[in-house]
Amino acid sequence: MFLQKTLKKETIVYGIGLHTGVACSVKLKPAPPDFGIHLIKKINDQSYSVKVFAENVKATQNATTIGGPYFQISTVEHCLSSLAALRVDNLFIEIEGPELPVCDGSARDFLAAIDAVGLVEQDQPRKYIYIHEPLSVEDGDKSAKVLPYDGLRITASIEFTHPAIQKQTFDIDVNDVSFEREIAGARTFGFLKDVEKLRSQGLALGGSFDNAVVLDDVSVLNAEGLRYSEEFVRHKVLDALGDLVTLGAPLMGHVILNKAGHDLLNKLVRKILSLPENNINVELGEKVVLAPTPWIMG
Ligand SMILES: [Zn+2]
């Protein structure tokens, strides 16, 4: 039997927001057993909570947005990714500022902050989500499926006509060691022409070579080049791990993604949760309004 885990103590990650370009930070705080992972935001001295759960995913275009009646937060997947890999069950993620910090476009800073304080076991058994039969969702030539597996494994494939990306596949049995070595540092990527378009709409104002791999029509523009072979598809694995946190409990399964983005991941997660045997006892959290309590006043 494995016990649930949370952080040993609070930690904080600073940075700037990708879209606003303004300074922001996120506090990661221990949460009680059976609580799950919640986003917290203070509005007029009142703390509001939204559970990281599939039904609270509000948008999946380019990034995953989670929200409830009081606030929405976009691009949560890079912060959440480490939590899936480290099997963190309970956590408060308190957002200070309009966005989560983009950091270097990977999960490295979030992982380092968690590693610096460490995890602690709690006095309740972990509730895994087990896959008993193959499940899949498709959209044209894109697909996401999950097979029974004793552990957490992800196989992802992407295909771009861009000469620096082309067809890439990455397969990983995910644990804390493999995540740190193979996935955590893989940065998000974007195309210069898209960045220019976003900027003209007042978005991506914080975006730079410091927080993304940027490509023109033929090559990578970052002076330092890539961090890994297949950094692009590794980042897709990073994103997928973050999205899997919306299951509300750690997954035992082998996820196979072909050109799948946040939208298909969300559909797969909802399909897993719709099966009666996987109908784990998680409350949505959407309507939960947390008055200042001992564990969030500190
Ligand atoms: Zn990403």
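Here are some worked exercises on the predicted model shown above.

Two ground rules come first. Residues are numbered from 1 along each chain, following the sequence as written. In this predicted model, local features need pLDDT of at least 70 and side-chain atom pairs count only at pLDDT 80 or more, while totals for chains, interfaces and linings use all residues.

**Exercise 1. Find how the radius of gyration of the protein chain compares with that of a compact globule.**

Step 1: The rule for a globule is 2.2 Å times the number of residues to the power 0.38, and the radius of gyration is taken over C-alpha atoms.
Step 2: For 298 residues a compact globule would come near 19 Å, and the protein chain has 18 Å, which agrees.
Step 3: For the extents, the C-alpha trace spans about 55 × 45 × 35 Å along its principal axes.
Step 4: Now add burial: a residue is buried if 20 or more other C-beta atoms lie within 10 Å of its own, exposed if 12 or fewer, and partly exposed in between, with C-beta atoms placed from the backbone. By that count, 44% of the 298 residues are buried.

**Exercise 2. Describe how H1 and H5 cross.**

Step 1: Helices (H or I, at least four residues) and strands (E, at least two) are DSSP runs, numbered from the N terminus. The protein chain has 7 helices and 18 strands.
Step 2: Helix H5 covers residues 231–244, and its 14 residues reach 20 Å from the first C-alpha to the last, close to the 20 Å expected at 1.5 Å a residue. That expected span is 1.5 Å times one less than the number of residues.
Step 3: For burial, 14 of the 14 residues of H5 are buried.
Step 4: The axes of H1 and H5 come within 7 Å and cross at roughly 75°. Such axes are lines fitted to C-alpha atoms, for helices over the stretch in contact, with angles from 0 to 180 degrees between N-to-C directions.
Step 5: Angles of 65 to 115 degrees count as roughly perpendicular, under 35 as roughly parallel, over 145 as roughly antiparallel and the rest as oblique. H1 and H5 are therefore roughly perpendicular to each other.
Step 6: Contacts (C-beta atoms, placed from the backbone, within 7 Å) involve residues of H1 including Leu-80 and Ala-84, and residues of H5 including Leu-238 and Leu-241.

**Exercise 3. Work out which strands stand at the edges of the open sheet S6-S7-S8.**

Step 1: Two strands pair if DSSP finds at least two bridges between them.
Step 2: The sheet has 3 strands in the order S6-S7-S8, with antiparallel pairing. Strands S6 (57–59) and S8 (72–73) each have a single partner strand and stand at the edges, so one side of each is left without a neighbour in the sheet.
Step 3: S7 (residues 65–67) is joined to S8 by 2 bridges, and Ile-66 stands opposite Ile-73 in S8.

**Exercise 4. Which phi sign do Asn-44 and Arg-87 have, and is each buried or exposed, or in between?**

Step 1: Most residues other than glycine have a negative phi.
Step 2: Asn-44, although not a glycine, has a positive phi of about 50°. Its place is the loop between strands S4 (37–43) and S5 (46–51), and it counts as exposed because it has 5 C-beta neighbours inside 10 Å.
Step 3: Arg-87 also has a positive phi, of about 60°. Arg-87 lies in the loop between H1 (77–85) and S9 (91–96) and is partly exposed, with 18 other C-beta atoms within 10 Å.

How values were computed: Two residues are in contact if their C-beta atoms, placed from the backbone, lie within 7 Å.
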